[in-house]
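Thanks for coming, everyone. I have one structure to walk through today. Please look at the sequence and the model while I talk.

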Amino acid sequence: MKTTSFELLLLVLVLFSCKQQTEPTKYLEQKIPPVQPELFAKGIVSVDSTSESMISVTNDGLAVYFTRYFKDENGNTNGVQSLYSRFDGVKWTGLQLKDKTMFYRTPRFIND
Amino acid sequence: MESKGCIWKSNKINDTLWAKPVFVDSLDLSSRNGVSDWSITADLTLFYVQNGDIRTARIQNDGIVRGEKITGLKDFKTRHVGVSPGGDYLICDGFIEGINNAWVDNFISFRKAENSWTYPVHLDSTINTKTAGNYFPRISPNGEVFFFSRQDSTNRSDIYWISTKVLEKYKNEL
């Protein structure tokens, strides 16, 4: 059976579509580094101008909590934010301030 | 979760809603009580660091059953502990003269028996870099990710992550 260029293009598009669906949604769309540690979510969580630490994630990897420290020119901390982002079923939300009436400190999660 | 040192529990209702927190116990997990960090296993065993030592406590329906300092770590002191969801290993940060790279580093210890653990082993240079402090270990509750913080000479810290599969070799070397 002869395969036309159109059919080949269609096959490529279908394969590409399948690949898109298997891309990670967990951990802010990041793929877990298998061998060498990497910055987590560079440009989202880990940014050049601030310090980050105290991370906590949910069991399904669809919510991330962490603490961001703002430092002055001498390296002293002059501000702290407790932030989180979660996958809303379609996309990851932008970073939001944690509700301190609900979570005094970074929560720890077990099975969702 | 904790509130002003005490422990509270909240059940997840759906993706955006958590139930009103329920008080669990007055065990003070704050610095007022000398506690610098804590982690929890899937069976609700708390591992917390108090004055440099790792202690355990078990959350049950009617509160907490306080455990004891874990044994096997000898004189090793830590500030942060990340325990695996199965409670079979933990990562803690600390300093051993002659082993560390002049900064605080991450170490791994495995459970031998109920409350007995192996002496901490220094993680290799892929984790513990020579030019930065490597600390604040965390294992994701599903057990697949090892997170830690790395702080450089300018006092800036970032969050790093790697698959927990890299930790398996340490168990094989026991």
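**Two chains and where they meet**

Let's start with chain A. Read from the start of its sequence, chain A runs α-α-β-β-β-β-β. That gives two helices and five strands. Before I go further, a caution: this is a predicted model.

How much of chain A is buried? Of its 112 residues, 24% count as buried. Now the contacts in chain A between residues at least 6 apart in sequence. Of those, 33% join residues at least 24 apart.

Two residues in chain A deserve a look at their backbone. Take Glu29(A) first. Glu29(A) is not a glycine, yet its phi is positive, about 70°. Glu29(A) sits in helix α2 of chain A, which covers residues 26–29. Is Glu29(A) buried or partly exposed? Glu29(A) has 13 other C-beta atoms within 10 Å, so it is partly exposed.

Then Met54(A). Met54(A) also is not a glycine, and its phi is positive, near 55°. Met54(A) belongs to strand β2 of chain A. Here the surroundings are buried: Met54(A) counts as buried because it has 21 C-beta neighbours inside 10 Å. The cut-off for buried is 20 or more.

Now chain B. Chain B has one helix and 14 strands. Of its 174 residues, 37% count as buried. In chain B, contacts with a separation of 6 or more include 38% between residues 24 or more positions apart.

What about overall dimensions? The C-alpha trace of chain B spans about 45 × 35 × 35 Å along its principal axes. Chain B has a radius of gyration of 16 Å. For 174 residues, a compact globule would come out near 16 Å, so chain B agrees with that.

Let me pick out one sheet in chain B. The sheet is open and has four strands, in the order β4-β5-β6-β7, with antiparallel pairing. Which strands are at the edges? They are β4 (35–40) and β7 (63–69) of chain B, and each pairs on one side only. From one strand to the next, the twist averages 25°.

Inside that sheet, look at β5 and β6 of chain B. Strand β5 covers residues 45–50 and strand β6 covers residues 53–60. They pair in the antiparallel sense over six bridges. Across that pairing, Val49(B) stands opposite Ile54(B) in β6(B).

Back to the edge strand β4 of chain B, where we find Ser39(B). Ser39(B) has 26 other C-beta atoms within 10 Å, so Ser39(B) is buried. What does Ser39(B) touch, leaving out residues up to four places away in sequence? The list is Arg108(A), Phe47(B), Val81(B), Gly82(B) and Val83(B). Note Arg108(A) in that list: a contact into chain A. One more pair here: Ser39(B) and Leu90(B) are 51 residues apart in sequence, and their C-alpha atoms are 9.5 Å apart in space.

That brings us to the interface. How many residues are involved on each side? 35 residues of chain A are in contact with 33 residues of chain B. On the chain A side, β1 (38–39), β2 (51–57) and β3 (63–71) each supply at least two residues. The largest share of that side, seven residues, comes from β2(A). By class, the chain A side has 18 nonpolar, 11 polar and six charged residues.

There is strand pairing across the chains too. β1(A) and strand β14 of chain B, residues 157–163, pair in the antiparallel sense over two bridges. Glu38(A) has Trp161(B) as its bridge partner in β14(B).

Last topic: the nonpolar core. In soluble globular proteins, nonpolar side chains tend to be buried together. In this model, the largest nonpolar core has 49 residues. Which residues have the most contacts inside it? From chain A, they are Ile55(A) and Val64(A). From chain B, they are Phe47(B), Phe146(B), Phe147(B), Ile159(B) and Trp161(B).

Zoom in on Phe146(B). Not counting residues up to four places away in sequence, Phe146(B) touches Ile91(B), Pro137(B), Ile139(B), Trp161(B), Ile162(B), Thr164(B) and Leu167(B). So we meet Trp161(B) again, as a neighbour of Phe146(B) and as the bridge partner of Glu38(A).

Terms used: Residues are numbered from 1 along each chain as its sequence is written. Chains are lettered from A and ligands numbered from 1 in the order in which they are written. This is a predicted model: local features need pLDDT of at least 70, side-chain atom pairs count only at pLDDT 80 or more; totals for chains, interfaces and linings use all residues. Two residues are in contact if their C-beta atoms, placed from the backbone, lie within 7 Å. Ala, Val, Leu, Ile, Met, Phe, Trp, Tyr, Cys and Pro count as nonpolar, Asp, Glu, Lys and Arg as charged, and the others, Gly among them, as polar. Two strands pair if DSSP finds at least two bridges between them. A nonpolar core is a set of buried Ala, Val, Leu, Ile, Met, Phe, Trp, Tyr and Cys residues joined through C-beta atoms within 7 Å. A residue is buried if 20 or more other C-beta atoms lie within 10 Å of its own, exposed if 12 or fewer, and partly exposed in between; C-beta atoms are placed from the backbone. Axes are lines fitted to C-alpha atoms, for helices over the stretch in contact, and angles run from 0 to 180 degrees between N-to-C directions. The radius of gyration is taken over C-alpha atoms; the globule rule is 2.2 Å times the number of residues to the power 0.38.
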